[in-house]
Each structure stands twice: as C-alpha cells, then as structure tokens.
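Reader: I've just opened this one and I'd like to go through it slowly. Could you tell me how each label is earned?

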Amino acid sequence: VFDECMEMLCEVYQRRATELLLKAYYLVCQDMSDDKFERSIKLLFSRRIYNTFPMPAEILQAIRFDEE
C-alpha cells in the first residue's frame with residue numbers, strides 16, 4: 001500500500017520517487033496502518049489545494065484531522 005500510494009503522490013505532483021525520498025516518508029509514516037495511510041493520501045488528494053509535494057507531516061495531519 002505504501003509503495004502504491006507514494007507512486008501516486010509522485011505522479012500527481014510530478015516528483016521522482018527516489019529511494020531516499022521513499023525511505024524518509026516511510027520513516028515518518030511506518031507506524032500508520034495501511035488503511036490509515038491510504039485514507040490519508042485520499043484526503044490529501046481531495047482536500048489539498050497546493051501544487052507542491054506534501055511533506056510527511058501533512059500525511060499524518062490529514063488522518064488526525066479526519067478522525068477528530
């Protein structure tokens with residue numbers, strides 16, 4: 001799930017999915033369940049209006065705000 005979602009993010013935001021980039025995002029998001037990670041990415045796609053690549057903290061925040 002992580003790899004597929006990160007590929008989608010990279011495609012949408014026209015960013016290369018380098019090994020280092022994926023490691024950095026995994027380091028921050030590894031404690032999220034697959035379901036929460038996927039929902040967080042979906043929330044970013046549906047609510048985020050900026051055209052820059054989202055930071056890892058934004059992925060964490062998306063699911064936290066949705067659960068409140």
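Reader: Let's start with glutamine 14. Why is glutamine 14 called exposed?

Author: This is a predicted model, and in it glutamine 14 has a relative accessible area of 73%. Exposed means over 50%, so glutamine 14 earns the word with its 73%.

Reader: Where does glutamine 14 sit?

Author: Glutamine 14 is in the loop between H1 and H2, just after H1.

Reader: What makes the phi of glutamine 14 worth a remark?

Author: Its phi is near 50 degrees, a positive value, and glutamine 14 is not a glycine. Most residues other than glycine have a negative phi.

Reader: Let's step back into H1. Which residues of H1 are buried?

Author: They are Phe2, Cys5, Met6, Leu9 and Cys10.

Reader: How do you know that the buried residues of H1 line one face of the helix?

Author: Look down the axis of H1: the buried residues fall within an arc of 135 degrees, so they line one face. The face turned away from that buried side carries Glu4, Glu7 and Glu11, which are exposed.

Reader: Take leucine 9. Why is leucine 9 called buried?

Author: Leucine 9 has a relative accessible area of 0%. The word buried applies under 20%, so leucine 9 qualifies with its 0%.

Reader: How far is leucine 9 from phenylalanine 53, in sequence and in space?

Author: They're 44 residues apart in sequence, and their C-alpha atoms are 7.6 Å apart in space.

Reader: And methionine 8, also in H1? Why is methionine 8 called partly exposed?

Author: Its relative accessible area is 33%. Partly exposed covers what lies between buried, under 20%, and exposed, over 50%, so methionine 8 belongs there with 33%. Methionine 8 also helps make a nonpolar surface patch of about 240 Å², along with Val12 and Phe45. Valine 12 lies in helix H1 too.

Reader: What separation do you get between methionine 8 and tyrosine 26?

Author: Their C-alpha atoms are separated by 15 Å, and the two residues are 18 apart along the chain.

Reader: Now for charge. Which residues form the negative surface patch?

Author: Asp3, Glu4, Glu7, Asp34 and Glu38 form it. Helices H1 (2-12) and H3 (34-47) each give two or more residues to this patch. H1 gives the most, with 3 residues, while aspartate 34 is found in H3.

Reader: How many salt bridges does the structure hold?

Author: There are 3 of them.

Reader: What makes lysine 23 and glutamate 19 a salt bridge?

Author: Their side chains meet at 3.3 Å, N to O. The cut-off is within 4 Å, so the pair counts as a salt bridge at 3.3 Å. Both residues lie in helix H2 (residues 19-29), 4 residues apart, about one turn of the helix.

Reader: Are those two buried or exposed?

Author: Lysine 23 is exposed at 52% relative accessibility, and glutamate 19 is exposed at 58%. Exposed asks for over 50%, so lysine 23 gets the label with 52%.

Reader: How do you know that arginine 39 and aspartate 35 meet in a salt bridge?

Author: Their side chains come to 3.2 Å, N to O, and that fits the rule of within 4 Å. They're 4 residues apart in helix H3, so about one helical turn separates them. Arginine 39 is partly exposed at 31%, and aspartate 35 is partly exposed at 45%.

Reader: What makes arginine 48 and glutamate 58 a salt bridge?

Author: Here the N to O distance is 2.8 Å, which is within 4 Å, so the name applies. This pair links distant parts of the chain: arginine 48 is in the loop between H3 and helix H4 (56-67), and glutamate 58 is in H4, 10 residues apart.

Reader: Why does arginine 48 count as buried?

Author: Arginine 48 has 14% relative accessibility, and buried means under 20%, so the label fits arginine 48. Its partner glutamate 58, at 23%, counts as partly exposed.

Conventions
Residues are numbered from 1 along each chain as its sequence is written. This is a predicted model: local features need pLDDT of at least 70, side-chain atom pairs count only at pLDDT 80 or more; totals for chains, interfaces and linings use all residues. Side-chain values use heavy atoms; hydrogens and water are left out. Patches are made of residues with over 30% relative accessible area and no salt bridge: like charges are joined within 9 Å, nonpolar side chains (Val, Leu, Ile, Met, Phe, Trp, Tyr) within 5 Å. Accessible areas come from the Shrake-Rupley method with a 1.4 Å probe; for residues, only the protein chains shown count as cover. Lys and Arg count as positive and Asp and Glu as negative; His and the chain ends are not counted. The place of a charge is taken as NZ of Lys, CZ of Arg, CG of Asp or CD of Glu. Buried means under 20% relative accessible area, exposed over 50%, partly exposed in between (1.4 Å probe, protein chains only). The arc is that of the directions from the helix axis to the C-beta atoms.
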